[in-house]
Amino acid sequence: MQSWYTILPKNPWISIYVWVIFCIMPFYFIIRSLSIIEISIGVVLILLFFLSHYFSFNSKSALLYMWISFEMVLNIAMTLMYGYVYLSLFTAFFIGNFRNNVGFFIMYGLHIGFTILSIVGGYFIDLDLFLSQTPFIIITVVGVVLLPFTLYSKNRREKLQGQLETANERIAELIIHEERQRIARDLHDTLGQKLSMIGLKSDLASRLVTKNPEAAIQEIKEIRHTASFALKEVRELVSDMRAVKLQEELARVKQILAAAEIDYEIEGSSEELQLPVLVESVLSMSLKEAITNVVKHSEAKKCAIIIEKNDNEVILTVNDNGKGFNEKLNIAGNGLKGMRERLEFINGSVQIGNKNGTKLLISIPLAITHQKGSE
């Protein structure tokens, strides 16, 4: 729950304004009476109601139901003694924020019943006063009936949405974990036996070099053949992995930056790079992580993405005009560690500048891309 005075969560000042109105209005109904005793009793009842409403926001379990029940009693007293029914809206609002299903329906039903009975009793006690308020009383009864159920349904929907998002994140984590396990198994099955064979044959060839050179040469040829076969299987394994196209990632990046209301500028073409599948996937994932950090942490208003290719390397630059990179921030916590590890796998690197925003520079040697492309 929010602060005790909250009525409109997104508009706290309006909530305070409504509270002021509802705090002043009861005194009009109390001052109508000429009896000092009745005025004093009315003031005490109002103060007790506000205190119980405040304490109900800070109570749990049985105490919560006790304070709500106390509010209902005070609502009945204010209605029957002074014709003031409108405090019941505050109680209705609070009941709508109940998390416990059984508790909600019990207190919801009791509040509706007591409110209607006290209003009916008020017509018998002071018909003229209640007739003059009939339109407002009808609105109050409608609010008492609809407000709790509307808030309860809204909270339930938000809770279910949160659970759905958590479940989706967990499913995504499990899928990634399962994919990693599959890749690990495939690599083990593909390379384990052949690397062991290469090691054994290398030892054998080293012993045969002086004793039987021809046999040593034959072993070396078999080592070469085994290595070539293993390399072929690794290529097939990599080609079966789902590739992340840089052009597709750029399209998603545009959508993310536009949704975050960050102006963007993209220079260079990803289609002219002609990168191997693995290198392009790593570059795309690095771009995705960089833009995620810009949106979440930079508070930037503009972001520039530059794709370059020279004689020696492919360079991807992401430059924003935000608050800059916090060097004290745990790098592992914002994904940069994972980005470095992926780039190191293909001999790439990442550099971070921290002047007039954050400048992230990713570079991959062309020797690596050419080697990967030719294999």
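Colleague: Which residues in α2 are buried?
Modeller: This is a predicted model, where local features need pLDDT of at least 70, side-chain atom pairs count only at pLDDT 80 or more, and totals for chains, interfaces and linings use all residues. Residues are numbered from 1 along each chain as its sequence is written, and side-chain values use heavy atoms, leaving out hydrogens and water. Buried means under 20% relative accessible area, exposed over 50%, and partly exposed in between (1.4 Å probe, protein chains only). In α2 (helices, H or I of at least four residues, and strands, E of at least two, are DSSP runs numbered from the N terminus), the buried residues are G42, L45, I46, F49, F50, S52, H53 and S56.

Colleague: How wide is the arc that they cover around the axis of α2?
Modeller: The arc is that of the directions from the helix axis to the C-beta atoms. The buried residues lie on the same side of α2, because their arc is only 165°.

Colleague: Which exposed residues does the face of α2 turned away from its buried side carry?
Modeller: α2 runs over residues 36–56 and reaches 30 Å from its first C-alpha to its last, close to the 30 Å expected at 1.5 Å a residue. The expected span is 1.5 Å times one less than the number of residues. On the face turned away from the buried side, the exposed residues are I36 and I37.

Colleague: Which element gives the most to the largest nonpolar core?
Modeller: A nonpolar core is a set of buried Ala, Val, Leu, Ile, Met, Phe, Trp, Tyr and Cys residues joined through side-chain atoms within 4.5 Å. Of the 30 residues in the largest one, L283, L287, I291, C303, I305, M339 and I362 touch the most other members. The elements giving two or more residues are α9 (246–259), α10 (277–298), β2 (302–309), β3 (313–320), α11 (336–345) and β5 (358–365). With 7 residues, the most comes from α10.

Colleague: What arc holds the buried residues of α11?
Modeller: In α11, L336, M339 and L343 are buried. They line one face of the helix, because seen down the axis they fall within an arc of 55°.

Colleague: Which elements do the buried residues of α11 pack against?
Modeller: One of these residues, M339, touches S286, E289, A290, V350, L360 and I362, residues up to four places away in sequence not being counted (contact means heavy atoms within 4.5 Å). On the other side of α11, E344 and F345 are exposed. The buried residues pack against α10, β4 (349–353) and β5.

Colleague: Is T358 buried or exposed?
Modeller: T358 is found in strand β5. Its relative accessible area is 13%, so T358 counts as buried.

Colleague: Which element supplies the largest share of the lining of the largest cavity?
Modeller: On a 1 Å grid over the protein atoms alone, a cavity is a set of points where a 1.4 Å probe fits but cannot get out, and lining residues have an atom within 4 Å of a point. The largest has a volume of about 60 Å³, a volume being the space filled by probe spheres set on points joined across faces, edges and corners. α3 (61–82) and α5 (101–125) each supply at least two lining residues. The largest share, 5 residues, comes from α5.

Conventions
1 Å grid on protein atoms, 1.4 Å probe; cavity = no way out; pocket = protein on both sides within 12 Å on 5 of 7 lines; lining within 4 Å.
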